[in-house]
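Here's a short tour of a protein model. Have the sequence and the 3D view open, and follow along.

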Amino acid sequence: MKTLYCTTITSRALQLIRSYEGDVSGCEAVLCHYIHEEPSRDKYGRVVENAFKIFFPNSEAICYTLSGEISYVLA
């Protein structure tokens, strides 16, 4: 289980989080049953500062930033 600071979240990211028994309440997103986490990378393979990807068992992923933005991304 992991708790993230959350200021904004896309509807698809929220749906994915909830499909694995997580939820968002106020400024916290609680993630359950994720597989692994890694630094986010741009299209050239460079690490994006303060951004991370979290992968779920269905091979879908979300990206989050330390500033609280959470979005669905293609894994």
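## Starting from Leu4

Click on Leu4 in this predicted model. If you skip residues up to four places away in sequence, Leu4 touches Cys27, Glu28, Ala29, Leu31, Ile54, Tyr64 and Ile70.

Apart from the core that Leu4 helps build, there's another core, of five residues. Ala51, Ala61, Cys63 and Val73 are among them.

## The largest nonpolar core

So how many residues does the largest nonpolar core have? It has 15, and Leu4, Ile54, Phe56, Ile62 and Ile70 are those with the most contacts inside it. In soluble globular proteins, nonpolar side chains tend to be buried together.

Which elements give two or more residues to this core? They are H1, strand E4 (28–31) and E7. Helix H1 brings the largest share, with four residues.

## The sheet

Now look for the strands. Five of them make an open sheet with mixed pairing, in the order E2-E8-E7-E6-E5. At the edges you'll find E2 (8–9) and E5 (36–41), and each of these pairs on one side only.

Follow E5 to its partner: five bridges join it to strand E6 (residues 47–55), and the two run antiparallel. Strands of a sheet pair through backbone hydrogen bonds, either parallel or antiparallel. For a spot to zoom in on, try His36, which stands opposite Phe55 in E6.

## The helix on the sheet

Helix H1 (residues 11–19) packs on this sheet, touching E2, strand E7 (61–65) and strand E8 (69–73). Compare directions, and H1 makes about 80 degrees with E8.

Technical notes:
Residues numbered from 1 in each chain as written. Predicted model: local features only at pLDDT ≥ 70, side-chain atom pairs only at ≥ 80, totals over all residues. Heavy atoms only, no water. Pairing = 2+ DSSP bridges. Contact = heavy atoms within 4.5 Å. Axes fitted to C-alpha atoms, helices over the stretch in contact; angles between N-to-C directions. Core = buried A, V, L, I, M, F, W, Y, C linked by side-chain atoms within 4.5 Å. Buried < 20%, exposed > 50% of the residue type's maximum accessible area, 1.4 Å probe, protein only.
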